[in-house]
Amino acid sequence: MTHPLMTMAASARAAIQDPRRSTVVGDSANPRFELFHAASSLCSQKVRTVLHEKALPYRSNDMLILSSMGPSGLVPAEHYSPAYIRLRLIAARELDLQFVSGYSGRTSVETEGFDPCVVPLLVDYQAGRVVADSRRICTYLDAVSRTPVQLVPDNPEARTEVMRQVGIVDRIPNGALLYGFHPDADRRPDALKSSMETVYDYKIMALEGLIAIHAGDAELVAACRAKIEKESAGKKVCHDPAFQRAARQHAGDLLKGLERDLAAKSFSCLWGNAFSLADVLWGVNLVRMNYLGLSSMWAGLPHVERYFDALARRPSLCKEAIQASVRSMPYSAHMDAVVDCPAAAAA
Ligand SMILES: N[C@@H](CCC(=O)N[C@@H](CS)C(=O)NCC(=O)O)C(=O)O
């Protein structure tokens with residue numbers, strides 16, 4: 001008998017326009033895990049880096065997460081399909097969290113609530129579970145698969161520090177940095193800026209379209225309404241100078257905190273500690289900040305500078321964050337100087 005999760009996942013997969021974006025990564029005809037993600041998505045890059053470190057095979061569904069305007073109207077993003085949202089709602093029930101409502105510029109499920117219309121999402125067919133939220137997926141994968149590397153250490157002191165760093169990265173206002181128009185120093189690639197001018201309107205149009213078609217599905221409608229509320233609030237502040245300056249300032253303060261923590265040698269692969277989940281998450285985040293033209297924020301922070309250089313050489317980060325960003329996002333001159341790791345190409 002086919003597992004109901006398999007049927008649901010197959011429906012979510014069917015919304016992917018190009019079937020070549022559904023592949024199997026690694027050596028398995030029938031992998032235990034299936035990932036719904038996007039090459040460009042920061043949160044997906046975190047999960048893929050963990051899967052890479054663990055050498056875990058998985059079915060990969062690389063979704064288009066930007067809606068666009070085609071000749072016959074709006075083409076909704078692929079993760080706004082009812083089948084995909086219904087799959088996410090299974091994970092939401094397990095978490096027992098409120099849906100997102102407002103917008104802070106952060107994407108942490110802990111502080112913002114559950115966003116029903118985002119990637120990544122993991123299905124574990126062996127456990128019969130659907131796991132949402134990058135932070136939870138990463139710790140879940142580390143718990144169910146302890147080899148070849150263990151990313152969350154057993155030693156209580158080391159574990160506490162790694163998880164503290166994981167919490168810090170999870171609260172970086174990444175949404176604000178990607179979508180927001182900074183009044184003084186907006187160094188994002190021009191093509192990205194122009195797609196960010198329409199992104200909120202397209203999201204809201206796509207979600208309103210879903211509500212109109214599925215008006216009888218109360219749970220789906222509630223999920224779409226929550227997402228509309230969040231995105232409408234995001235739209236209001238994307239050109240708000242005070243909001244954008246505060247988000248940038250907050251990210252800068254977190255980098256200064258990272259500099260202090262690196263100097264204290266409390267964690268990080270720089271000092272001979274084992275490569276950890278904190279290194280994965282900081283690595284992906286620093287790559288994103290570099291892509292957005294924000295590396296000047298750590299110009300006076302020598303430990304962060306060294307840390308970024310070391311992380312950019314890690315094959316998993318090179319492939320899943322650097323190369324994936326370069327291939328899937330608009331060209332960013334800020335990435336030209338980032339080391340291209342040959343080991344990653346082969347991995
Ligand atoms: N807390 C969630 C946040 C997920 C999230 O915000 N995903 C973004 C990409 S990194 C997304 O799917 N955005 C598309 C949208 O909002 O429609 C996680 O870490 O998984």
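# A guided tour of strands, helices and backbone exceptions

Select strand β2 (residues 33–37) together with β3: the two strands run parallel and are joined by 5 bridges. The model on screen is a predicted one. To see one of these pairings, pick H37, whose bridge partner in β3 is D62.

**Around β3**

Now add helix α2 (residues 42–54) to the selection. With β2 and β3, α2 makes a β-α-β unit, and the unit is right-handed.

Stay with β3 and select residues 58–62. Is this strand mostly covered or mostly open? It is mostly covered, with 5 of its 5 residues buried. Colour the two faces separately to follow this: Y58, S60 and D62 lie on one side, R59 and N61 on the other, and both faces are covered.

Next, show strand β1 (residues 22–25). β1 pairs with β3 in the antiparallel sense, over 4 bridges. Select S22 and look across to β3, where N61 stands opposite.

Before leaving this region, go to the loop between α2 and β3, where A55 lies. Most residues other than glycine have a negative phi. A55 is not a glycine, yet its phi is positive, at about 55°. Is A55 buried or exposed? Neither term applies: A55 counts as partly exposed because it has 14 C-beta neighbours inside 10 Å, and a residue needs 20 or more to be buried.

**From β2 to β6 and β7**

Return to β2 and bring in β6 (121–124). β2 and β6 pair in the antiparallel sense, with 4 bridges between them. Select E34 to find V123 of β6 standing opposite.

From β6, move on to strand β7 (residues 129–132), which pairs with β6 in the antiparallel sense over 4 bridges. Here L121 stands opposite A132 in β7. β6 and β7 form a hairpin with 4 residues between the strands, and G128 in this hairpin takes a positive phi near 65°.

**Two cis peptide bonds**

Most peptide bonds are trans. Select V119 and P120 to see a cis peptide bond, with omega at about 5°. P120 sits in the loop between α4 (109–112) and β6.

Then select T147 and P148, which are also joined by a cis peptide bond; omega is about -5° here. P148 is in the loop that lies between α5 (134–144) and α6 (156–170).

**Helices α8 and α9**

Show helix α8 (residues 190–213) and helix α9 (residues 218–237). Their axes come within 9 Å and cross at roughly 160°. How do α8 and α9 run relative to each other, roughly parallel or roughly antiparallel? They are roughly antiparallel, because angles over 145 degrees count as such. The crossing of the two helices is left-handed. To display the contact, select Y200, K203, I204, L207, L210 and I211 on α8, and V221, C224, K227, I228, E231, S232, G234 and K235 on α9.

**Last stop: S268**

Finish in the loop between α10 (241–263) and α11 (277–291), where S268 lies. S268 has a positive phi, near 95°, and is a residue other than glycine. How many C-beta neighbours does S268 have inside 10 Å? There are 25, so S268 counts as buried.

Conventions. Residues are numbered from 1 along each chain as its sequence is written. This is a predicted model: local features need pLDDT of at least 70, side-chain atom pairs count only at pLDDT 80 or more; totals for chains, interfaces and linings use all residues. A residue is buried if 20 or more other C-beta atoms lie within 10 Å of its own, exposed if 12 or fewer, and partly exposed in between; C-beta atoms are placed from the backbone. Two strands pair if DSSP finds at least two bridges between them. A crossover is right-handed if, with the strands pointing away from the viewer, the path from the first strand over the helix to the second runs clockwise. Axes are lines fitted to C-alpha atoms, for helices over the stretch in contact, and angles run from 0 to 180 degrees between N-to-C directions. Angles under 35 degrees count as roughly parallel, over 145 as roughly antiparallel, 65 to 115 as roughly perpendicular and the rest as oblique. A crossing is left-handed if the near helix is turned anticlockwise from the far one by less than a right angle, and right-handed if clockwise. Two residues are in contact if their C-beta atoms, placed from the backbone, lie within 7 Å.
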